[in-house]
Amino acid sequence: MKRLMNQKPSRAAAIFWGLLPFLLLTLFYFVASEARLAENPNDKLLPSAGSFASAMDRMAFAPSPRTGEILFVVDTAASLERLGLGVIISALLGLLIGVPLGLIPYLRAGLSPFVAAFSMVPPMAILPILFIIFGMGELSKVALIVIGVTPLIARDMQQRVQELPLEQLIKAQTLGGSTWNIALRVVLPQVFPRLLDAVRLTLGTAWIFLISAEAIASSEGLGYRIFLVRRYLSMDVILPYVVWITLLAFALDFSIKRLTYALFPWYKAGREES
């Protein structure tokens, strides 16, 4: 008898089963919306499809009467710029910190406890400090992402370096490789795809920090818009924005994954084998 754990769906079946929870959730929402609106046509908790269409037409297609800009586009561009800058800086710092910590025992003994302790500090708790130091502008929002994400990536990189086969490092040393050469030619090629994986895994955390910072102090951005309209109970704007953030996060995750497999085919083959 073929065990369930050894059965794999076809590509079409995998797509169907992947979409099924989303379809069921959407169906459940509109059934519940119809039920609530039947009792109270002015209910704002679960807007109808028509309310969503009207709200998104106003936000995504009609210029703002005050600024003449498309608010949905402005908010998306502002949030993606902050997120991209914060994640790129975090990835570079995480790599520069994590690889030496994993490769050099003296650095690991001296700095690893500090990085571990720093990663436990709730970034939202120091957001007021960032506002005091950097002001209420863009720098404080990017700094929050960097402070929150960099320690996570650095610790992951340290772990990945320590997991490399010791035999490789010993052979590289017997061939005359210095610590610098081994780091560049042995360690980095193997941990770089794992750096991209670490970036993917921390994207959700970066979005949390970004939305939180935008909600507190910003004049544009997806988080700013959500918290601005909440006072009016505008669920017809809030829910599409939440869905849009989710789609952006999924698209970024998918793109980084495909980029990783395109740049490092051996890494994809190893993942499939395991």
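## Exercises on a predicted all-helix model

A compact globule of 274 residues would have a radius of gyration near 19 Å, whereas this protein has 23 Å. The model is a predicted one.

**Exercise 1.** State which secondary-structure elements the protein has, and describe its overall dimensions.

Solution.
1. Count the elements: there are 11 helices and zero strands.
2. Read them from the N terminus on: the order is α-α-α-α-α-α-α-α-α-α-α.
3. Take the box along the principal axes: the C-alpha atoms fill roughly 75 × 65 × 30 Å.
4. Set the radius of gyration of 23 Å against the value near 19 Å for a compact globule of 274 residues.

**Exercise 2.** Determine whether Ser 79 is buried or exposed, and list what surrounds this residue.

Solution.
1. Locate the residue: Ser 79 sits in helix 3, which spans residues 71-103.
2. Apply the cut-off: buried means under 20% relative accessible area. Ser 79 is at 0%, and therefore counts as buried.
3. Find the contacts, leaving out residues up to four places away in sequence: Ser 79 touches Leu 210, Glu 214, Gly 221, Leu 222 and Gly 223.
4. Look for a polar partner: a polar atom of the Ser 79 side chain lies 2.9 Å from the backbone nitrogen of Leu 222.

**Exercise 3.** Describe burial, contacts and surface for the whole protein.

Solution.
1. Burial: 38% of the 274 residues count as buried.
2. Contacts: among those with a separation of 6 or more, 69% join residues 24 or more positions apart.
3. Surface: about 16,800 Å² is exposed, with 68% supplied by carbon and sulfur atoms.
4. Charge: there are 24 positive and 18 negative side chains, and the centres of the two sets are 8 Å apart.

Definitions and conventions: Residues numbered from 1 in each chain as written. Predicted model: local features only at pLDDT ≥ 70, side-chain atom pairs only at ≥ 80, totals over all residues. Heavy atoms only, no water. Helix = DSSP H or I, 4+ residues; strand = E, 2+ residues; numbered from the N terminus. Buried < 20%, exposed > 50% of the residue type's maximum accessible area, 1.4 Å probe, protein only. Polar contact = N/O pair within 3.5 Å; in protein donor to acceptor, adjacent residues only side chain to side chain. Contact = heavy atoms within 4.5 Å. Rg over C-alpha atoms; globule rule 2.2 N^0.38 Å. Areas by Shrake-Rupley, 256 points an atom, 1.4 Å probe, with all protein chains shown as cover. Lys, Arg positive; Asp, Glu negative; His and termini not counted. Charge placed at Lys NZ, Arg CZ, Asp CG, Glu CD.
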